[in-house]
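I opened this notebook to record the overall fold first and the ligand site second. The entries follow the order in which I looked things up.

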Amino acid sequence: MAIIQQEVSAEPYIEIPDPVRQVYYQWRPSPLFRARRLEKALDTPARIYYKYEGTSPAGSHKPNTAVPQAFYNKEEGIKKISTETGAGQWRSSLAMAGSFFGIEIEIFMVKVSYQQKPYRRNLMEAFGATVHASPTRLTDAGQSILARDPESSGSLGIAISEAVEVAAKSGGKVKYALGSVLNHVLLHQTIIGEEALLQLAHADDYPDVVIGCTGGGSNFAGLAFPFIGEARRKGLKTRFLAAEPMACPSLTRGVYAYDFGDTVGMTPLMKMHSLGHDFIPPDIHSGGLRYHGMSPLISLLHDEGIIEAQAYYQTSAFEAAIQFTRTEGIIPAPESSHAIRAAINEALEAKETGQERVILFNLSGHGHFDMAAYESYFAGKLRDYEYPADAIADAQKRMPKVTM
Ligand SMILES: *Cc1c(COP(=O)(O)O)cnc(C)c1O
């Protein structure tokens, strides 16, 4: 109930409970770095800063919401949470938070990730969670997908359908938790931007452009929303740039309309940028960020022109990731590489125009569990893929018709 209240709250600030802060202290505040060696390699007059969320025990920003979600469920006497995961970041974060607060965690992991990312799965198991390769035969949703396509490699939308079904059929005993997209998740992530505001004030600097990669939108919103608040209060001209993959371009190419959050159509409708709830990203895409929709809050801000969006090919994202690793020493999650690509492009543009531009981006996680994707990249096996326009038009036809 506390989470539902946050979902619909219009309060500008909500206090972080003490037990949540106690857990956060292990890695928060997360570091804000200036990428001096990258700046030098690019020979740019731009100043590049990045907020590094890979210092959490799970290696990404996801514990910022997993910990409060586990805490609020524990407070209300819940013993078990079901959830889904794509790359495995969300699930390992929730598995960790569940073990801190004594909550059982059952996870539906997108089959292609389950197969490609065994170490991430092993990490979840080490935290004590149960992990299934989705689609499974345990739920009606999984069975209906497998009946149509026995070889289905799964998608985040299908995994959500399965996890929601487990909770819906439990008679209230099992609760479902989501790691992105929803308002309360974005709220929990704003600790990233709140810290960055204070850290940049220490450095006596302020960004001209704030960048994050977008899957469901939570790490981007977490960094950008506090700066959007500042811009609106102070009349600043700060730009906000969402970086997404060409293979799953919900903000740049999706339709802004009411759609389901899951594949089967069990969730309430949300007004968001969507590629269609039955969108399944191609297997050849290794860069994560595979969700068909986008957070309704980000979708609205994009529709109002407050947020810009750019889509990038996966090979250009990996190329940026390697340049970053060689200068800054951190191997980024493939998702985060899209933000790095955007930041490098901004820095190169500043060089061309001779502009002193201040760039801030979110390095949402490290890539230590994603080395298989890097292996494919080094072997020259990654191909660029652009989601076809007729497939988008087609998916749009299957979206629910809503009249107001
Ligand atoms: C989950 C994840 C993302 C994408 O999710 P958002 O909600 O858009 O932030 C990006 N980067 C990393 C490292 C992730 O684990």
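The entries below concern the protein as a whole and then its ligand.

Entry 1, basis. I worked from a predicted model, in which local features need pLDDT of at least 70, side-chain atom pairs count only at pLDDT 80 or more, and totals for chains, interfaces and linings use all residues. Residues are numbered from 1 along each chain as its sequence is written, and side-chain values use heavy atoms, with hydrogens and water left out.

Entry 2, overall form. I found 18 helices and 12 strands, taken as DSSP runs (helices H or I, at least four residues; strands E, at least two). The C-alpha trace spans about 60 × 50 × 45 Å along its principal axes.

Entry 3, burial. I noted that 61% of the 404 residues are buried, meaning under 20% relative accessible area (1.4 Å probe, protein chains only).

Entry 4, ligand shell. I looked up the residues around the ligand: there are 17, and Lys62, Ser180, Gly215, Ser218 and Asn219 come nearest; a residue counts if one of its heavy atoms lies within 4 Å. The shell divides into three nonpolar, 12 polar (Gly is counted here) and two charged residues.

Entry 5, polar contacts (pairs of N or O atoms within 3.5 Å). A backbone N or O atom of Gly215 lies 2.7 Å from a ligand oxygen atom. For Asn219, a polar side-chain atom lies 2.7 Å from an oxygen atom of the ligand. A polar side-chain atom of Ser364 lies 2.7 Å from a ligand nitrogen atom. I recorded that the protein covers 93% of the 380 Å² of accessible area that the ligand has on its own, by the Shrake-Rupley method with a 1.4 Å probe.

How values were computed: A polar contact is a pair of N or O atoms within 3.5 Å; within protein, one must be able to donate a hydrogen and the other to accept it, and residues adjacent in sequence count only if both atoms are side-chain atoms. Buried means under 20% relative accessible area, exposed over 50%, partly exposed in between (1.4 Å probe, protein chains only).
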